[in-house]
Amino acid sequence: MVRLPKVDWLITQMGIVGGAEMYVYRMVCELSKRNWDIRVITILDDNNLSVSLRNLDIPVYSLSAQSKIDIGIWRKLDKIWSHEKPQILHTHLFHAGILGRLLGRKVGIPIILCHQGGPENSRPLHRTLIDRLTSHLVTRYVVPCLAVANVLTQREKVPIRKIDIIPNAVPVPPLGLNVSILNNGYKQFHSPVRLIAVGRLVWEKAQDVMVDAVNM
């Protein structure tokens, strides 16, 4: 049997159920089913997705930070990794990304990945500068599309050779489901269908694309 590497997923928090949090939750669940040796480490406490992961016997460690910039988290995470460090570190969100690459290199984690889910066009200048100055510590960047890759190369000056484009997955229908029912389901409606889109009215969410698609 092939021995899979030990992987730590470091994320700022799991209390808010957003895109990054659900990405981590779903990926960790799927990889755990495939017998990957995975731990999730959060900077802030939460009683939401972390609880669900623990109920699935997936280890979740919280650094119990008082804030995202709590200096004490460096000592706590250093203690965790000094006892048992992973072979791969996968980071999500800004604070976890910076903490992971700086401390991860200090303790000698060989592979450090940074997931950039969106362009963050409205991010503060200081975040861009910090990211740019520490980007050399990241082994590979993972992005969902070419647009985000272009932002990283232009704004953070990340070489395109360090970026892997992996589109977000779309769940497939479960086995045994009659797909024809889904394909023909619209026929049961005798009046216009009302669609509801939930999301922030910001550029990144591209609500205008949904409107244009419906009007085609």
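K6 is buried, at 15% relative accessibility, where buried means under 20% relative accessible area, exposed over 50%, and partly exposed in between (1.4 Å probe, protein chains only). This is a predicted model, in which local features need pLDDT of at least 70 and side-chain atom pairs count only at pLDDT 80 or more, while totals for chains, interfaces and linings use all residues. Residues are numbered from 1 along each chain as its sequence is written, and side-chain values use heavy atoms, with hydrogens and water left out.

The side chain of K6 takes part in a salt bridge with E84, with 3.1 Å between the closest N and O atoms. A salt bridge is here a side-chain nitrogen of Lys or Arg within 4 Å of a carboxyl oxygen of Asp or Glu. The pair joins distant parts of the chain: K6 belongs to strand β1 (residues 6–11), whereas E84 sits in the loop between α3 (72–83) and β4 (88–92), 78 residues apart. Helices (H or I, at least four residues) and strands (E, at least two) are DSSP runs, numbered from the N terminus. Unlike the buried K6, E84 is partly exposed, at 33% relative accessibility.

The structure holds 13 salt bridges in total. Among them are the three in the following table.

| Salt bridge | N to O distance |
|---|---|
| K6 and E84 | 3.1 Å |
| E120 and R123 | 3.6 Å |
| E156 and R123 | 2.8 Å |

R123 thus appears with two partners, E120 and E156. The bridge between E156 and R123 ties together parts that are 33 residues apart in sequence, because E156 lies in the loop between α6 (146–155) and β7 (163–165) and R123 in the loop between β5 (111–115) and α5 (125–134). R123 is buried, with a relative accessible area of 12%, and E156 is buried as well, at 2%. E120, in turn, is partly exposed, at 29% relative accessibility. These three residues belong to a network of salt bridges that links R101, E120, R123, D131, R155 and E156.

The cysteines are a separate topic. A disulfide is a pair of cysteine sulfur atoms within 2.5 Å, and by this rule the count is 0 disulfides. As for accessibility, C29 is buried, with a relative accessible area of 12%, while C145 is partly exposed, at 30% relative accessibility.
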